[in-house]
Amino acid sequence: MSLYRDEGIVLRTQKLGEADRIVTLLTRRTGLVRAVGKGVRRTRSRFGARLEPFSHVDLQLHTGRSLDVVTQADTLHAYGSTLVTDYPRYTAGTAMLETAEKIVSVEKDPALRQFLLLWGGLRTLAEGSHDPRLVLDAYLLRSLAVAGYAPALEECARCGAQGPHREFAVHAGGMVCSLCRPAGSVRPSPAAVALMAALLRGDWESADASAERDRTECSGLVAAYLQWHLENGIRSLRLVERA
């Protein structure tokens, strides 16, 4: 039996058999892990309640043929208990969990920066110090940047000419100059683009001072950009838009 320890954030769970559960986690050292929690759906399970979405847990697992098996789980932070009581924060957190799984995608490929981004995002959501939509958009932009899909906001995404530019093309990679502007480009307000840049670099003072209309426009751009770069869309974003 090959045992290993790691810490991770529970992204998703699904039932297996009568009492077991498959748990998908993003871990600090191993990356994306799918493991079986045996008997965790039983009332007397030792750690069933610890393996729920939004939980930050310390784990012991052993390697299986197709799925690893959780043998021990200790709660480090139970973010779910705070987020489920607030619909905007809960839906934003759900979109973050789904995005993390889609962006990392390859199992057991270490993704430390993605883990730290998700952990920081959930912690910020639980603290309630910023608008949940801003926290979500900041997470999405930074997660895309770490994955190699950072949008060009200050220079043309195609030719590299320094801006400011007025057109944004999702399929081109961000802002584009008048010469490179492809069909389907949109013209966002400069304030919405500035908000995207502030979220990407972590300038929360500027982000918190932004106007509601600019936040709405920014969220639309970020969602469109994310959906374009992921093969499958993020279904949870539809719930966030209704929040």
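**View 1. The largest nonpolar core of the predicted model.** Among the 50 residues that make up the largest nonpolar core, those touching the most other members are Leu-118, Leu-122, Leu-136, Phe-168, Met-196, Leu-199 and Leu-237; the structure shown here and in the other views is a predicted model. At least two residues of this core are supplied by each of β1 (3-16), α2 (87-104), α3 (112-127), α4 (132-146), α5 (190-201), α7 (212-229) and α8 (237-242), and the largest share, 8 residues, comes from α4. In soluble globular proteins, nonpolar side chains tend to be buried together.

**View 2. The surroundings of Leu-118, and a second core.** When residues up to four places away in sequence are not counted, Leu-118 touches Ile-9, Leu-11, Leu-26, Met-96, Leu-97, Ala-100 and Tyr-139. A second core of 12 residues, separate from the largest one, includes Val-10, Leu-25, Val-33 and Val-70.

**View 3. Helix α2 and its two ends.** Helix α2 is mostly covered, with 13 of its 18 residues buried. At 1.5 Å a residue its 18 residues should span 26 Å, and because the end C-alpha atoms are 26 Å apart, the expected and modelled lengths agree. The N-terminal end of α2 is capped by Asp-86, which places a side-chain oxygen 3.1 Å from the backbone nitrogen of Arg-89, while just after the helix Ser-105 takes a positive phi of about 60°.

**View 4. Helix α5 and the elements packed against it.** The buried residues of α5 are Ala-192, Val-193, Leu-195, Met-196, Ala-197, Ala-198 and Leu-199, and they pack against α4, β6 (167-169), β7 (174-176), α6 (204-208) and α7. Two of these buried residues, Met-196 and Leu-199, are also listed among the residues that touch the most other members of the largest nonpolar core. The 12 residues of α5 should span 16 Å at 1.5 Å a residue, which agrees with the 17 Å between its end C-alpha atoms. Just after α5, Gly-202 takes a positive phi of about 80°.

**View 5. Cysteines in the model.** Which cysteine sulfur is closest to that of Cys-159? The closest belongs to Cys-156, at 3.6 Å, and because a disulfide is counted within 2.5 Å, this pair is too far apart for a bond. By this rule the model has 0 disulfides. Cys-159 is partly exposed, with a relative accessible area of 47%, whereas Cys-218, at 0% relative accessibility, counts as buried.

Conventions
Residues are numbered from 1 along each chain as its sequence is written. This is a predicted model: local features need pLDDT of at least 70, side-chain atom pairs count only at pLDDT 80 or more; totals for chains, interfaces and linings use all residues. Side-chain values use heavy atoms; hydrogens and water are left out. A nonpolar core is a set of buried Ala, Val, Leu, Ile, Met, Phe, Trp, Tyr and Cys residues joined through side-chain atoms within 4.5 Å. Buried means under 20% relative accessible area, exposed over 50%, partly exposed in between (1.4 Å probe, protein chains only). Helices (H or I, at least four residues) and strands (E, at least two) are DSSP runs, numbered from the N terminus. Contact means heavy atoms within 4.5 Å. The expected span of a helix is 1.5 Å times one less than its number of residues. A polar contact is a pair of N or O atoms within 3.5 Å; within protein, one must be able to donate a hydrogen and the other to accept it, and residues adjacent in sequence count only if both atoms are side-chain atoms.
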